Amino acid sequence: MNYENIRLETRGPVALITLNRPKAFNALSNDLMDELTHALDAVETDVAIRAIVLTGGEKVFAAGADIKGMKDYSYMDAYQGNFITRNWERASRCRKPIVAAVAGYALGGGCELAMMCDFILAADTAKFGQPEIKLGILPGAGGTQRLTRLIGKSKAMELCLTGRMMDVQEAERAGLVSRIVPVAELIEEAVKVAETIASYSMPAVMMTKECINRSYETTLAEGLLFERRTFHAVFATADQKEGMDAFSSKRPADFKHR
């Protein structure tokens, strides 16, 4: 597929996906989200890729959904067309880890897309917010749900009801952002982090991601049981044997991702 709204490149075991509608501040149109879904499908099935970085430009990650494309929708247009559900959720379903590298504005759908990733590395220029209330609507791609789970009810309620933005320091304090790096170093650092993850056993990485995500979907007791059974299962992998043997022999592990 020839992409017009994103760029896809590989850096060793890392796929770097860049949102590429700079004139529209990377507004998330249906065409862009279709391309992103296609790209994520492709890298998910590529055995050479073991981690993903999703980013925008230096000035904006994504300023939100494409308002011009949806302003005339009727209820039935949105409902029958399965708006958002049809082509927005692929990032949240990826089994391979996705690092969001956010510089500049991540607003509305842009903030929601970043939250679908596994964690956010943010440039010192990043700003986050859910300003949908200013348009007479509400967040529709997870803003009221994921944001609340990540930063708590009070702050999520304030952001969604007032539409204000928070800078990257506040976002880090609130737990939305994993770490802040200088904007000039963002992509290099995000790829470096992704390469580190990709150097470990792919089954162990995927199982770890699955366990952490499960913690948001179930009780503590059920989550602990899921973790325990997954921990038991990892002893069936060749990488567990290699990792522990390498540690005992004081040598680097040579994981085969099996």
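A salt bridge is taken here as a side-chain nitrogen of Lys or Arg within 4 Å of a carboxyl oxygen of Asp or Glu. In the predicted model described here, this rule gives a count of 15 salt bridges. E9 and R11 make a convenient starting point, since their closest N and O atoms are 3.5 Å apart and therefore fall inside the 4 Å limit. Both partners sit at an intermediate level of cover: E9 is partly exposed, with a relative accessible area of 32%, and R11 is likewise partly exposed, at 34%.

Two further pairs fill out the picture of the charged side chains. Between D254 and K256, the N to O distance of the salt bridge is 3.0 Å. D254 is partly exposed, with a relative accessible area of 43%, whereas K256 reaches 55% and counts as exposed because the cut-off for that class is over 50%. Elsewhere, shared partners link several salt bridges, so that K155, E158, R164 and E170 belong to one network. Within this network, the side chains of R164 and E158 meet at 2.7 Å, N to O. R164 has a relative accessible area of 26% and E158 one of 33%, which makes R164 partly exposed and E158 partly exposed as well.

Attention now turns to the strands. Strand β3 covers residues 51-55, and 5 of its 5 residues are buried, so β3 is largely enclosed by the rest of the structure. The side chains of β3 are divided between two directions: A51, V53 and T55 point one way, I52 and L54 point the other way, and all are buried. Strand β2, residues 14-19, pairs with β3 in the parallel sense over 5 bridges. One of the residue pairs in this arrangement is I17 with its bridge partner L54 in β3.

β3 also pairs with β5, again in parallel, and 4 bridges join the two strands. Here T55 has A101 of β5 as its bridge partner. Strand β5, residues 98-102, is mostly covered, with 5 of its 5 residues buried. From β5, I98, A100 and V102 point one way, while V99 and A101 point the other way; all are buried. A parallel pairing with strand β7, residues 119-123, adds 4 bridges to β5. Within that pairing, V99 stands opposite F119 of β7. Taken strand by strand, β2 pairs with β3, β3 with β5, and β5 with β7.

Strand β7 leads on to the pocket analysis, as β7 is among the elements that supply at least two residues to the lining of the largest pocket. Rolling a probe the size of a water molecule over the atoms shows where empty space is left. The largest pocket has a volume of about 1,000 Å³ and is lined by 34 residues. Of these lining residues, C117, D118, K209, I212 and N213 lie nearest the centre of the pocket. Besides β7, the elements giving at least two lining residues each are α4 (90-93), α5 (109-116), α6 and α10 (202-214). The largest contribution comes from α10, which gives 10 residues to the lining.

On the surface, I67, L135 and I137 form a nonpolar patch, with about 250 Å² of accessible area together. One member of this patch, I137, is found in the loop between β8 (127-129) and α6 (146-151). I137 has 35% relative accessibility and so counts as partly exposed.

Finally, the backbone deserves a friendly second look at two places. Most residues other than glycine have a negative phi. N26, although not a glycine, has a positive phi of about 55 degrees. N26 is found in the loop between β2 and α1 (30-45), and its relative accessible area of 2% makes N26 buried, because that value is under 20%. H257 is another residue other than glycine with a positive value, its phi being near 60 degrees. H257 lies in the segment after α12 (238-249) and is partly exposed, with a relative accessible area of 25%.

How values were computed. Residues numbered from 1 in each chain as written. Predicted model: local features only at pLDDT ≥ 70, side-chain atom pairs only at ≥ 80, totals over all residues. Heavy atoms only, no water. Patch = residues over 30% accessible without salt bridge, like charges linked within 9 Å, V, L, I, M, F, W, Y side chains within 5 Å. Areas by Shrake-Rupley, 256 points an atom, 1.4 Å probe, with all protein chains shown as cover. Buried < 20%, exposed > 50% of the residue type's maximum accessible area, 1.4 Å probe, protein only. Pairing = 2+ DSSP bridges. 1 Å grid on protein atoms, 1.4 Å probe; cavity = no way out; pocket = protein on both sides within 12 Å on 5 of 7 lines; lining within 4 Å. Points joined across faces, edges and corners; volume = space filled by probe spheres on them.
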